Amino acid sequence: MAELPLVGESEAVPSAADDGTWLACVACGSTFSPFDDIRYTCDDCDGLLEVRYDDHPDWGDFEASPTDRGVWRYADALPFEKGVSLPEGDTPLHRVPRIREDAGVNRLRVKHEGMNPTGSFKDRGMTVGVRVAQEVGVDRLACASTGNTSAALAAYGARAGLETLVLLPQGKVAAGKVAQASLHDARIVELDGNFDDCLDVVQELAGRGEAYLLNSLNPFRLEGQKTIGFEILERFYADNGKYPDRIVLPVGNAGNTSALYKAFRELVAAGAMEPSEVPSLTGVQAAGAAPLVEAVTEGNDEIRRWPDVETRATAIRIGNPVNAPKALPGVRETGGTAVAVEDDAITEAQRALAREGVGVEPASAASVAGLKKLRDHGTIGADEDVVCLTTGHLLKDPDAAYEAGGEPVPADATADAVLNAL
């Protein structure tokens, strides 16, 4: 694996940086103070921004954290001591012995982010992002969403007492997610277009100053999400005395891929882990929405926007991953790869997880389907220790769960009738 670049080593920190925190452009290296103005991309080249810190936290910093569990246990690696919290994080790392045996890897764990308060990993980003919104003094939060972002933003916006605007692709979002956003009092507008069209519109609104954007284009979102990586490393090491060789994760907007890569770079920069110990990041997309896979397999430095995408894994039905400039280096520099899987394979993986007692929505199961495909092709070795990330709870998409499960059997209301039905 190539030597990982350190985080914040070469930039000149702006004099107005707040408490040792600043923003750096991943394209041109320009730096900015984090809270003196609202910005989502670089003023100079429109490149993606990344949050940087004067000091690189190590595991000792985390052990000394005033918060024992969850995202804010890692406050020393975040912009604030505490955020708008429900609370979030501290999700389980499941053993799945039958899936491990079927896949044929040395060790396998499943990190179930569906156990966050609103049922997805998005809560990790929102606890930080909504806290930043308070810091810069905005009145309205906004996002485009395939569902989980809207549910999380609505809940955390409600917690903070801020108005929330959600743009959804009409008829393309699972009912469970729309219900969450609605009940948490978000203003929901359904657009005649796909997710990428919704994101275009919400970016324009944010550019006009009409709302504070909290999609993963916002660099502070990824700060919360990087704690997934910290938790995986800590728990896996505690159980096995080593870090996992590979982390397999679903890819939509590629925020988690980018966030985990940043977490590992920060730990390498702090001397808390060696570059050779960094897990390979392996992204999985649905075959009907796989622009990142296309870029990885063809060796492209940029992603081609797919104007038409379709998959039953609605949470990753995205044709233009905005975090691609951060995610592609994450895959390549860690020795990872990316793979596309068919919807039927996703559904079978969802069933396999359910048989282990782990209930996830379809997009989450893409990671397990991708592991199986890469093992079948010999890309992942039998001696590897693997963690699969599942990103959302089964009840996020109850219709898909019902279709993947078995049909109820009718019977008369007697014990004999029940036994006959069985």
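**Notes on the predicted model**

1. Let me start at helix α15, residues 415-421, where valine 418 is found. This is a predicted model, so please read each point below as a statement about the prediction. Val418, Leu419 and Leu422 form a nonpolar patch on the surface, and together they offer about 360 Å² of accessible area. Valine 418 has a relative accessibility of 43%, so it counts as partly exposed.

2. A patch of another kind is worth a look as well. Asp58, Glu63, Asp76 and Glu81 gather on the surface as a patch of negative charge. One of these residues, aspartate 76, is found in the loop between α1 (59-63) and β4 (93-95). Aspartate 76 counts as partly exposed because its relative accessibility is 38%.

3. The loop between α1 and β4 has some backbone details that you may want to inspect. Proline 87 is found in this loop, and the peptide bond leading to proline 87 from leucine 86 is cis, with omega near 0 degrees. Aspartate 90 also has its place in the loop between α1 and β4. The phi angle of aspartate 90 is near 55 degrees, which is a positive value in a residue other than glycine. With a relative accessible area of 38%, aspartate 90 is partly exposed.

4. Another positive phi is found at aspartate 185, a residue other than glycine, with a value near 75 degrees. Aspartate 185 lies in the loop between α5 (175-183) and β8 (187-191). Is aspartate 185 buried or exposed? Aspartate 185 counts as exposed, at 63% relative accessibility.

5. Now to the strands. One open sheet has three strands in the order β2-β1-β3, and the pairing is antiparallel. Its edge strands are β2 (31-32) and β3 (49-53), each of which pairs on one side only. Strand β1, residues 21-25, pairs with β3 in the antiparallel sense over five bridges. If you would like a residue to help you find the register, alanine 24 stands opposite glutamate 50 in β3.

6. Strand β12 makes a good stop for anyone interested in burial. This strand covers residues 337-341 and is mostly covered, with five of its five residues buried. Which residues lie on each side of β12? Thr337, Val339 and Val341 are on one side, Ala338 and Ala340 are on the other, and all are buried, so both faces of the strand are covered. Strand β11 (residues 280-286) runs parallel to β12, and five bridges join the two. Glycine 283 has alanine 338 as its bridge partner in β12.

7. Salt bridges come next, and the count for the model is 36. Side chains of opposite charge can pair when their charged atoms come close. One example is the salt bridge where the side chains of arginine 98 and glutamate 356 meet, at 3.4 Å from N to O. This pair links distant parts of the chain, 258 residues apart: arginine 98 is in helix α2 (residues 97-103), while glutamate 356 is in the loop between α12 (343-355) and α13 (362-376). Arginine 98 is exposed, at a relative accessible area of 54%, whereas glutamate 356 counts as buried, at 17% relative accessibility.

8. The side chains of glutamate 231 and arginine 124 also meet in a salt bridge, with an N to O distance of 2.8 Å. Why does this pair tie together parts that are 107 residues apart in sequence? The reason is that glutamate 231 lies in helix α8 (residues 227-240) and arginine 124 in helix α3 (residues 122-136). Glutamate 231 is buried, with a relative accessible area of 8%. Arginine 124 is buried too, with a value of 0%.

9. A further pair for your list is arginine 208 with glutamate 204, whose side chains meet in a salt bridge at 2.6 Å, N to O. Arginine 208 has 58% relative accessibility, so it counts as exposed. Glutamate 204 is partly exposed, with a relative accessible area of 44%.

10. One last item concerns charged residues that are linked as a group. Arg107, Lys242, Asp245 and Asp385 are linked in a network of salt bridges.

Definitions and conventions
Residues numbered from 1 in each chain as written. Predicted model: local features only at pLDDT ≥ 70, side-chain atom pairs only at ≥ 80, totals over all residues. Heavy atoms only, no water. Pairing = 2+ DSSP bridges. Helix = DSSP H or I, 4+ residues; strand = E, 2+ residues; numbered from the N terminus. Patch = residues over 30% accessible without salt bridge, like charges linked within 9 Å, V, L, I, M, F, W, Y side chains within 5 Å. Areas by Shrake-Rupley, 256 points an atom, 1.4 Å probe, with all protein chains shown as cover. Salt bridge = Lys/Arg side-chain N within 4 Å of Asp/Glu carboxyl O. Lys, Arg positive; Asp, Glu negative; His and termini not counted. Charge placed at Lys NZ, Arg CZ, Asp CG, Glu CD. Buried < 20%, exposed > 50% of the residue type's maximum accessible area, 1.4 Å probe, protein only.
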